[in-house]
Amino acid sequence: MNLKSIVVLAFFVCLVVSASAQGLFIGPEIGYTVTTSVPSEVSRSGAPTRIRVGASLHLSAKSKVDFRFSLGYRIENSELKTIYDNTIDSNLSAQGRLNVLVPNTQSPNVQSEILSNSIDLAAEGFIPLGDLDTSGSRIGLTLGFFADRVLSASQTDDYSAVTDYPGPQIVQVQYKPQFGFGASIGVSTILPMGDSRIVFDIKYIIRQPSTLTTNNSRAEDQNVGWLMGNGLRISAGYLLPI
């Protein structure tokens with residue numbers, strides 16, 4: 001199923017659900033995903049940047065379960081330091097640096113950077129667990145799924161720290177665009193602010209596939225599950241009635 005089909009399907013689901021909705025809310029949201037596990041060569045360069053901005057539609061149904069639909073744009077970038085080993089000079093320009101790590105602490109580092117951007121379409125159910133106060137604030141469990149499209153992704157390796165390196169000092173690899181899918185589970189808090197609402201979410205994200213494929217004659221898979229895959233997302237949104 002392509003992204004256009006997913007959007008059309010989500011649109012019709014929104015129509016069906018909204019027919020029984022007691023309230024409709026729409027507004028912007030922003031989230032940051034914390035990577036829970038990264039390779040050592042990534043941790044030595046700092047935490048990856050994983051930001052999502054978008055808009056969400058919240059449907060308060062007559063049943064106890066509310067529904068949310070959101071469209072988001074993600075930026076997921078990271079730096080990494082990979083240990084250089086001169087026995088693999090012939091493969092460096094064709095392989096992503098994460099795949100050629102050699103545990104030799106006497107070798108210089110190759111500084112690399114991965115840049116990516118994606119769009120995603122998500123649907124969630126909000127199951128209330130209880131009221132926080134008498135004003136209508138609620139806390140609940142969220143269960144959802146999403147489909148996404150990696151629009152572009154690239155990796156740049158910098159060999160300038162390697163003395164007498166025989167190849168080009170800067171090597172860039174482009175990755176093929178990719179469709180993905182995933183699921184989420186978490187806890188959400190809804191706080192009424194007059195007619196509007198403020199929503200806070202903490203959820204765990206799982207995405208597949210966990211690799212990207214290089215866009216060259218020697219197509220190779222690169223592990224990016226730590227960057228685009230699993231993680232703990234913290235987000236906030238502001239909803240206005242429509």
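What percentage of the 242 residues of the chain count as buried? In this predicted model, the share that counts as buried is 44% of the 242 residues, and the legends below go from the whole chain to single residues and pairs.

**View 1. The whole chain, with its helices and strands.** The secondary structure of this predicted model comes to three helices and 11 strands, and these elements follow one another along the sequence in the pattern α-β-α-β-β-β-β-β-β-β-β-β-α-β. Among the contacts in the chain with a separation of 6 or more, 71% are between residues 24 or more positions apart. The accessible surface of the chain comes to about 12100 Å², and carbon and sulfur atoms account for 61% of that surface.

**View 2. Strands β2, β3 and β4 and the bridges that join them.** Strand β2 covers residues 49–61, and it runs antiparallel to strand β3, residues 66–83, to which 11 bridges join it. One position to look for in this pairing is threonine 49, whose bridge partner in β3 is asparagine 77. Strand β3 is in turn joined to β4 by 16 bridges, and these two strands also run antiparallel. Here serine 70 can serve as a landmark, with alanine 122 as its bridge partner in β4. In a regular strand, the side chains alternate between the two faces of the sheet.

**View 3. Histidine 58 and its surroundings in strand β2.** Histidine 58 is found in strand β2, and because its relative accessible area is 1%, under the 20% limit, this residue counts as buried. The side chain of histidine 58 makes a polar contact with the side chain of aspartate 66, at 3.3 Å. When neighbours within four places in sequence are left aside, the residues in contact with histidine 58 are Gly23, Leu24, Phe25, Asp66, Phe67, Arg68, Ile190, Arg197 and Leu239.

**View 4. Arginine 68 and its two acidic partners, glutamate 124 and aspartate 201.** The side chains of arginine 68 and glutamate 124 meet in a salt bridge, at 3.5 Å from N to O. This pair links distant parts of the chain, with glutamate 124 in strand β4 and arginine 68 in strand β3, 56 residues apart. Glutamate 124 and arginine 68 are buried. Arginine 68 also forms a salt bridge with aspartate 201, where the closest N and O atoms are 3.0 Å apart. Because arginine 68 lies in strand β3 and aspartate 201 in strand β8, residues 196–208, this second pair ties together parts that are 133 residues apart in sequence. Both arginine 68 and aspartate 201 are buried.

**View 5. Arginine 74, aspartate 148 and a network of salt bridges.** The count of salt bridges comes to 11, and one of them is formed by the side chains of aspartate 148 and arginine 74, at 3.1 Å from N to O. Aspartate 148 belongs to strand β5 and arginine 74 to strand β3, so that the pair, 74 residues apart, links distant parts of the chain. Aspartate 148 is buried, and arginine 74 is buried too. The two residues also take part in a network of salt bridges that links Glu29, Arg50, Arg52, Arg74, Glu76, Asp120, Asp148 and Arg207.

**View 6. The largest nonpolar core.** This core has 11 residues, namely Val42, Leu80, Ile114, Val150, Ala153, Tyr175, Leu212, Val224, Trp226, Leu227 and Met228. The elements that give two or more residues to the core are β5 (138–158) and α3 (225–228), and α3 gives the most, with three residues. One member of the core, alanine 153, touches Leu115, Ser116, Val173, Gln174, Tyr175, Leu212 and Met228, not counting residues up to four places away in sequence. Apart from this core lies another, of six residues, among them Tyr84, Tyr159, Val162 and Tyr165.

**View 7. Glycine 130 in strand β4.** Glycine 130 is found in strand β4, residues 109–131, and because its relative accessibility is 26%, this residue counts as partly exposed. From C-alpha to C-alpha, glycine 130 and glycine 140 are 6.9 Å apart in space, while in sequence they are 10 residues apart. Leaving aside neighbours within four places in sequence, glycine 130 is in contact with Ser137, Arg138 and Ile139.

Notes:
Residues are numbered from 1 along each chain as its sequence is written. This is a predicted model: local features need pLDDT of at least 70, side-chain atom pairs count only at pLDDT 80 or more; totals for chains, interfaces and linings use all residues. Side-chain values use heavy atoms; hydrogens and water are left out. Helices (H or I, at least four residues) and strands (E, at least two) are DSSP runs, numbered from the N terminus. Buried means under 20% relative accessible area, exposed over 50%, partly exposed in between (1.4 Å probe, protein chains only). Contact means heavy atoms within 4.5 Å. A polar contact is a pair of N or O atoms within 3.5 Å; within protein, one must be able to donate a hydrogen and the other to accept it, and residues adjacent in sequence count only if both atoms are side-chain atoms. A nonpolar core is a set of buried Ala, Val, Leu, Ile, Met, Phe, Trp, Tyr and Cys residues joined through side-chain atoms within 4.5 Å. Two strands pair if DSSP finds at least two bridges between them. A salt bridge is a side-chain nitrogen of Lys or Arg within 4 Å of a carboxyl oxygen of Asp or Glu. Accessible areas come from the Shrake-Rupley method with a 1.4 Å probe; for residues, only the protein chains shown count as cover.
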